[in-house]
Each structure stands twice: as C-alpha cells, then as structure tokens.
Amino acid sequence: MAGMSKEVKVPVLPESVEDAVVAAWHKKPGESVRRDENLVDLETDKVVLEVPSPIDGTLGELQAQEGETVTSGQVLVSLEEGMVEEPESDSDETDEKVGSEETPKPDDSAKQSSDTRATETKTEAAKDKGTEKSSLSPSARRLAEEEDVDPGKVPGTGRGGRVTKGDVLQFLKGAGSRTEERVKMTRLRSRISARLKEAQNTAAILTSFNEVDLKAVMELRKRHQEEFTAKHGVKLGFMSFFVKACCDALRKYPIVNASVEGDEIIYHGYQDIGIAVSTERGLMVPILRNAENMSLAEIELAIRHFAGLARDGKIALEDLQGGTFTITNGGVFGSLISTPLINPPQSAILGMHNIKERPVVVDGEIVARPMMYTAISYDHRIIDGREAVLFLVALKDALEDPSRLLLGL
C-alpha cells in the first residue's frame, strides 16, 4: 500500500531576504531519504539554508533545479512516505560474492587467483568511481565531464576532501590548459559586491592609521594562558582584547558607534560588534550583541562558535544582521596595512594587521617590539578626523596598558 505524499517547500525566508537560489541537491528522484536528512541547500544573500526531509520516504520529481531562483512557500519536491531500508555496503556484497564461489581445483589455482584479482580490481575501481562522483561538487562534476578530466586525479581542497570547481580549474591549469570559464557570482558574493559599492557611493570614507605595541598583551596572554584555557575551555586570543578596547574607545567617542539614516544621526546605547570571518563562500560578519558587557572568555567563546558556524555554512541569518561597529583582521593572512571598507549602515570599521617585531624608541633606547598597524575607516559625513584619531589613540592606550580596561580608565 502506497504511503502518503508530502510536499517539501522553501522555508519562510526572513523579511530582509526576498528569494533564494537552489545551490545543490543532495538526493536524486527515486532515492530513499530519512527524516531530518538534508535534501537541498538554498543560498540566500547571506547564508546557506539546509532543507531537511520531514519524513522517511522516497524522493519524487524535483520541482526546482540547481541554479533556479525560488521564494518562500514554493514547492521543491514531493516525498512518498514509506519505510527506508538500511543500505548494504559494497564491502558486504563483495564478501558475499567471494565467499560463495566454489573452492578451486588444484590445477586451476593460478587461473582462479588471476580471476579473483581481476574481480577485486574491478570492484575497487567501481568503488573508487562511486567515491569520486560523490566527492565532487555539481559544478566540478560538470566541468570535469566537459574537459574529460579524471576526478580521481584532482586533489580536493573542499570540506572533507571534496573536489571543487576551483580544484578542477587548477588541475587543468597545471596540465597546460588555457581554458577560460565564466562563472556567475554566488548570491553571497553578489551581495557583498553590492554592499561594498553602496558603501563607497554613499559614505565619504576616510582612513586613519596608528600603531600599537602589543608587548603587554602578549606577556599577559603568556602568563595566564594555561590557567585561562583550563578554566574556560578556550584560548585567550588577541581579538578579545581588541573587542574590549574598542568598546572602551566607543564609549568615549560614541559618534564612532553611530549610524546615519537620512538626515539623522542615530546614537546607539549599546555596542554590537561585528567580527569579520573569511569563509570559502566569502566574508561573513557575525555580531557579538552587547559586547560591552561580555568578559574576555565570553568573547573568545562566542567568536569560536560563530566562526565555526560561518565556515560550516550553518550560521543563522539573525546572527549576521545589525551591528554598530566592525573589526576585521587581515593580519591572519599576513596583511601589514590596509584600508578596510565600512559595513553599512555602520559608520566605522577597525582593521587589525600582522604583528611584526620592529625597532621602536622606548625611553630613549631603540628596542625590538611586537608592533601592529591599526586602521580605522570611517564615514566623514558624521565622524571628524579628530574623533577617528582619538578613537585610535584610546585603543592604543588600552592595549598597551591592559590594566586600564580593568580600572575603567
């Protein structure tokens, strides 16, 4: 008796998101699926949404193909409800076949051994082929087929060794190919592009610089790292010090924490700090709400949590919305100095950079110190150079003497 049919629809999208794009189907029509198993990835302007199966059953015909734009409530596929059998592994099937063969006669042993090796080789090849196919992204599979590339020879750099389209292109380049390919921007990359251009077109962006001696912070971390990690389950990094120092500086110069709406300046009585995280899909900025009330440990734990979600593509849309000020750290990639772009509707962003030992003069003596250039890009429409520079000076003072943060100076 056939089970009931159930439609799987696009989930209700947040108010600020109009539609989504079908990024990748993880199941094919006719395949069995279990309840809560991910059926398809939907890409929005900011995050990738997973659509799980509501029941155990069999997948029907797809109502939306990869690359197609869909909206809230649109039917993606139908499921035929029913029991799902446990799949038998390839190794079990192979073992059964090998075990059921007749014992070879003595004079046929060489031939039998040869035949067995040939069977095993074919079985392994079939396994490898199946593995290769499953470890390819859809775009990588299409490109590999078009260019007649053996996927098994392409090193995968994606999550879990998955072969991406970029891996295939890199493989072709190494083989001396001069192919060119037009690739449509992902929704996230397109959105990032539009927002950054909007920032340049709307705000009057200016950047000011300073440098910070991080000797005191580094010594503090070294002295308390072991005890801090044992107590809180997370390492004491540099970012938590910068977040606390920014909160202190924003409290002193609230215009840097403000935003523009029409001809009005909105002063925020809280400090929601965005932390820029680089992922394979592009830059994401999860928000630490009321960072001014968080401890160093709470900041480090929150950053680790959000960074993991962002890189796994599982971060929620609400975690990326809002924010009154942003910190971006190009130093993790080796950047020595840069001019970051503000994240509208915010009015300022702090750029952290690589820590380098440089000769500096301290009390009339030239000494080597771990120095970092800092940069603040700001909207000159409401923030004057005075406030921007004084913000950087307050940041510098707090980091070069961390006890000031504890004493509220």
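## A tour by selection

At 39% relative accessibility, Glu219 counts as partly exposed, and this residue is a convenient place to begin in a model that is predicted. Select Lys215 together with Glu219, and a salt bridge appears between them, with the closest N and O atoms 2.6 Å apart. Both residues belong to helix H6 (residues 215-232), where, because they are four residues apart, Glu219 and Lys215 are separated by about one helical turn. Lys215 is likewise partly exposed, at 31% relative accessibility.

Keep Lys215 on display and add Glu357, which is found in strand E18. Although the two positions lie 142 residues apart along the chain, the C-alpha atoms of Glu357 and Lys215 are separated by 10.0 Å. Glu357 counts as exposed, since its relative accessibility is 64%.

Next, colour the whole of strand E18 (residues 355-362) and strand E19, which pair in the antiparallel sense over eight bridges. Within this pairing, Pro359 stands opposite Ala368 in E19. The two strands form a hairpin with two residues between them, and Asp363 in the turn has a positive phi of about 55 degrees, a value that can be checked in the viewer by selecting the backbone of Asp363.

Strand E19 has further partners to select. Strand E17 (residues 348-352) runs antiparallel to E19 and is joined to E19 by four bridges, with Ile349 standing opposite Ser377. Strand E9 (residues 205-213) is also antiparallel to strand E19 (residues 365-379), and nine bridges join the two; here the bridge partner of Glu211 is Tyr373 in E19.

While E9 and E19 are both highlighted, which side chains meet in a salt bridge at 2.6 Å, N to O? Those of Arg369 and Asp213 do, and the pair links distant parts of the chain, with Arg369 in strand E19 and Asp213 in strand E9, 156 residues apart. Both Arg369 and Asp213 are buried, in contrast to Glu219 and Lys215, of which Glu219 is partly exposed and Lys215 is also partly exposed. Across the model, the count comes to 10 salt bridges.

Stay on strand E9 and select Phe209, which lies in that strand. Phe209 is partly exposed, with a relative accessible area of 41%, and together with Leu336 and Ile337 it makes a nonpolar surface patch of about 270 Å².

Follow E19 onward to Asp384, in the loop between E19 and helix H9 (385-400). Asp384 counts as partly exposed at 41% relative accessibility. Adding Val256 to the selection shows another approach between separated parts of the chain: the C-alpha atoms of Asp384 and Val256 are 9.4 Å apart, whereas the residues are 128 positions apart along the chain.

From there, move to helix H7 (residues 238-252), where Lys252 and Asp248 are four residues apart and therefore separated by about one helical turn. Salt bridges that share partners join Asp248, Arg251 and Lys252 into one network. Within it, Lys252 forms a salt bridge with Asp248, the closest N and O atoms being 3.4 Å apart. Is each end of this pair buried or partly exposed? Lys252 is partly exposed, with a relative accessible area of 33%, while Asp248 is buried, at 8%.

For a group of like charges, select Glu145, Glu146, Glu147, Asp148 and Asp150, which gather in a patch of negative charge on the surface. Asp150 sits in the loop between helix H3 (138-146) and helix H4 (165-174), and it is partly exposed, with a relative accessible area of 36%.

The last stops are two open sheets. One has four strands in the order E5-E4-E2-E7, with antiparallel pairing. Strand E5 (48-52) and strand E7 (69-70) stand at its edges, each with a single partner strand, so one side of each is left without a neighbour in the sheet. At the E7 edge, strand E2 (residues 20-25) pairs with E7 over two bridges, and Ala20 has Val70 as its bridge partner in E7.

The other open sheet, also of four strands and antiparallel, has the order E1-E8-E6-E3. Its edges are strand E1 (5-9) and strand E3 (32-33), each of which has a single partner strand, so one side of each lacks a neighbour in the sheet. Between the edges, four bridges join strand E6 (residues 57-62) to strand E8 (residues 75-81) in the antiparallel sense, and selecting Leu62 leads to its bridge partner in E8, Val77.

Notes
Residues numbered from 1 in each chain as written. Predicted model: local features only at pLDDT ≥ 70, side-chain atom pairs only at ≥ 80, totals over all residues. Heavy atoms only, no water. Pairing = 2+ DSSP bridges. Patch = residues over 30% accessible without salt bridge, like charges linked within 9 Å, V, L, I, M, F, W, Y side chains within 5 Å. Areas by Shrake-Rupley, 256 points an atom, 1.4 Å probe, with all protein chains shown as cover. Salt bridge = Lys/Arg side-chain N within 4 Å of Asp/Glu carboxyl O. Lys, Arg positive; Asp, Glu negative; His and termini not counted. Charge placed at Lys NZ, Arg CZ, Asp CG, Glu CD. Buried < 20%, exposed > 50% of the residue type's maximum accessible area, 1.4 Å probe, protein only.
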